[in-house]
Amino acid sequence: MSEISLGIIGGGQLGSMLAIAAKKLNIKTVIFCDDADAPAQNFCNQFVNGNYENKEKISEFVNQVDVVTYEFENIPFETLNEINKLKPVLPKPSVNRLVQHRLAEKDFVNKLNIRTTRYVSIGKKSEIDALEDFLPGILKTTTLGYDGKGQYPINSVEEMNSLNINFSKEYILEKLVKLKKEISIIITRFSNNKYEIYEPIENIHEDQILKHSIIPADINEKIFDQSKEWSMLIAEELKYVGTLCVEFFIDRNNNLYVNEIAPRVHNSGHLTINAFNVSQFENHVRAVCGLEQIPLKKISNAKMVNLLGDQISYYRNSPKLKENEFFFDYLKKEIKEKRKMGHITTLL
Ligand code: ADP
Ligand code: MG
């Protein structure tokens, strides 16, 4: 029997699913989260509630665990770095710092000769006039965005000037890609050239929030192969340990672009729970805890639908599901508009 205790920073749905996967492997989980109502406390062994900069809470957390991972990227680098002096943090804090900064992330990807959208760093409002080249575009905060938060579509220089944007923050302006499709690759790296990689997942967004994910993705062979190759290259270059997600754009001419990298398990990979022998969550736990790598086998095609806001209510009230349907309730206390409340996966 394993005696490993895994610390997880962040207590949302991804933390819950990591804790569930760990339990199956006889691994204890301790979750550290700044939200007293964090849903993952329903699934872990121990829960530590505190601010991510609170030194006492950090040591209370660290003292109970052997290895630490995280379910979201917006954690202060200092916190991860301090923890890493006491217990291994995986993926490494430096990887998290790189990837949580949109500009550093895109520079890194381009250095590998992997295509991204065209982009420019924006610091002060005065620089805006020279930007015609990147319009129409999307202005994004370089850090702390998710689900389209901190993003502004911009069609013209005038429009940008008229927006009341707080330029004390750093921004990146990205040229808008005429999207045909979005896909993601989930890959778990165990060690040098040792991976489990899932097939490309097709993602449909509404209002910049993921709505559906489907396998197989309707893409050509070249994109199928290239998206996997690029993901492996990124994971190898980062010397990554754990599960990583690479989000891609495909434009109307079938060009592939890396959109962003998530240094963690990912919403588009929820369908791996039911559609594969080993889920992205179990693979992550296996990799960061140094457990055996199991060859990935697909069980079924699948479609996952996110339940946003009060879409959850119907499923909470009428649990009559078909045999091929799997409903997950994240047990979030408060229903908020556009908040991810649960999902339903259908095996196809
Ligand atoms: P987040 O961190 O919020 O996931 P993303 O950069 O992935 O931020 O943007 C969210 C969604 O917005 C993308 O999945 C895509 O649908 C759309 N989007 C973002 N940037 C672009 C772009 N440059 N061109 C076209 N669509 C974009
Ligand atoms: Mg994204």
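**Exercise 1.** In this predicted model, find which domains each supply at least three residues to the shell around ligand 1.

*Solution.* Domain 2 (118-175) and domain 3 (179-347) each give at least three residues to that shell. Next, count the shell: 21 residues surround ligand 1, and the closest are K140, G148, E182, N259 and E260. Sorted by character, the shell residues are six nonpolar, seven polar and eight charged.

**Exercise 2.** List the side chains that place a polar atom 2.8 Å, 2.9 Å or 3.0 Å from ligand 1, then state how much of the ligand the protein buries.

*Solution.* Start with the oxygen atoms of the ligand. A polar side-chain atom of E260 is 2.8 Å from an oxygen of ligand 1, and an N or O atom in the side chain of Q151 is 2.9 Å from an oxygen of ligand 1. Then take nitrogen: a polar side-chain atom of E174 lies 3.0 Å from a nitrogen of ligand 1. Taken alone, the ligand exposes 540 Å², and the protein buries 92% of that. Two or more shell residues come from each of β6 (137-141), β8 (171-175), β9 (179-191), β13 and β14.

**Exercise 3.** Identify the protein donors of the magnesium ion (ligand 2) and explain what parts the pair ties together.

*Solution.* The donors are E247 (OE) and E260 (OE), 2.0 to 2.3 Å from the ion. E247 belongs to strand β13 (residues 242-251) and E260 to strand β14 (residues 256-262), so the pair ties together parts that are 13 residues apart in sequence. Finally, compare accessibility with the 20% limit for buried residues. E247 has a relative accessible area of 13% and is buried; E260, at 21%, is partly exposed.

Technical notes:
Residues are numbered from 1 along each chain as its sequence is written. Chains are lettered from A and ligands numbered from 1 in the order in which they are written. This is a predicted model: local features need pLDDT of at least 70, side-chain atom pairs count only at pLDDT 80 or more; totals for chains, interfaces and linings use all residues. Side-chain values use heavy atoms; hydrogens and water are left out. Donors are N, O and S atoms within 2.8 Å of the metal (3.2 Å for Na, K and Ca); water is not among the atoms, so sites may look incomplete. Helices (H or I, at least four residues) and strands (E, at least two) are DSSP runs, numbered from the N terminus. Buried means under 20% relative accessible area, exposed over 50%, partly exposed in between (1.4 Å probe, protein chains only). A residue is near a molecule or strand if one of its heavy atoms lies within 4 Å of it. A polar contact is a pair of N or O atoms within 3.5 Å; within protein, one must be able to donate a hydrogen and the other to accept it, and residues adjacent in sequence count only if both atoms are side-chain atoms. Accessible areas come from the Shrake-Rupley method with a 1.4 Å probe; for residues, only the protein chains shown count as cover. Ala, Val, Leu, Ile, Met, Phe, Trp, Tyr, Cys and Pro count as nonpolar, Asp, Glu, Lys and Arg as charged, and the others, Gly among them, as polar. Domain bounds come from an automatic or database domain assignment.
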